[in-house]
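Please find below a colleague's note on the model you sent round. It is set out as numbered points, to be read with the sequence and coordinates at hand.

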Amino acid sequence: EGDASRGLSVSEEGLLAAYFRGPQLVVANAAKGDSRVIAETGAQARTPLVRPKRASVLYQSEGAVWLASFDGSGENRRLKTAPDPQCVQWSPDGRT
């Protein structure tokens, strides 16, 4: 159902996974056995990256890096990053 070629990210504890299903960014919860759409991203979005110790996930779309909340609330934030968004990584505490 998901598109593995666009990326998959699993949380540190292994309970949450972020992936793309068509133009949607989805978070699946293994403990609850459910999933939810957290963002409408567009067909070119890729490379989800679950944020350590925080309830959000990064993804790349339209040449930029975006941050979406696990609960799907609020608007996705476009982040200021290095010129190459491919190099984005979270610090271990998830703050930066």
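The points below go from the basis of the model to its strands, its two sheets and its largest pocket.

1. This is a predicted model, in which local features need pLDDT of at least 70 and side-chain atom pairs count only at pLDDT 80 or more, while totals for chains, interfaces and linings use all residues. Residues are numbered from 1 along each chain as its sequence is written, and side-chain values use heavy atoms, with hydrogens and water left out.

2. The protein chain has zero helices and eight strands, where helices (H or I, at least four residues) and strands (E, at least two) are DSSP runs numbered from the N terminus. Read along the sequence, the pattern is accordingly β-β-β-β-β-β-β-β. Of the 96 residues in the chain, 40% are buried, a term that stands for under 20% relative accessible area with a 1.4 Å probe and protein chains only. Among contacts (heavy atoms within 4.5 Å) between residues at least 6 apart in sequence, 33% join residues at least 24 apart.

3. One open sheet holds four strands in the order β1-β2-β3-β4, with antiparallel pairing; two strands pair if DSSP finds at least two bridges between them. β1 (8–10) and β4 stand at the edges with a single partner strand each, so one side of each is left without a neighbour in the sheet. Neighbouring strands of this sheet are turned by 25 degrees against each other on average, direction ignored; the axes are lines fitted to C-alpha atoms, and angles run from 0 to 180 degrees between N-to-C directions.

4. Within this sheet, β1 is joined to β2 (residues 16–21) by three bridges, and S9 stands opposite A18 in β2. Six bridges link β2 to β3 in an antiparallel arrangement, with A17 opposite A28 in β3. The hairpin of β2 and β3 has two residues between the strands, and G22 takes a positive phi near 60 degrees there.

5. β3 is mostly covered, since five of its six residues are buried. Six bridges also join β3 to β4, again antiparallel, and the bridge partner of Q24 in β4 is E40. In the hairpin of β3 and β4, where four residues lie between the strands, G33 takes a positive phi near 70 degrees.

6. Another open sheet is formed by four strands in the order β5-β6-β7-β8, with antiparallel pairing. Its edge strands are β5 (46–50) and β8 (77–79), each of which pairs on one side only, and the twist averages 30 degrees from one strand to the next. Three bridges join β5 to β6 (residues 56–61), where V57 is the bridge partner of V50.

7. The largest pocket has a volume of about 170 Å³. On a 1 Å grid over the protein atoms alone, a pocket is an open set of points where a 1.4 Å probe fits, with protein on both sides within 12 Å along at least five of seven lines; grid points are joined across faces, edges and corners, and the volume is the space filled by probe spheres set on the points.

8. The lining of the largest pocket, meaning residues with an atom within 4 Å of a point, consists of L16, V27, A28, N29, K32, D34, S35, R36 and F70. The elements that give two or more residues to this lining are β3 (24–29) and β4 (34–40). By class, the lining has four nonpolar, two polar and three charged residues, with Ala, Val, Leu, Ile, Met, Phe, Trp, Tyr, Cys and Pro counted as nonpolar, Asp, Glu, Lys and Arg as charged, and the others, Gly among them, as polar.

Methods
Buried means under 20% relative accessible area, exposed over 50%, partly exposed in between (1.4 Å probe, protein chains only).
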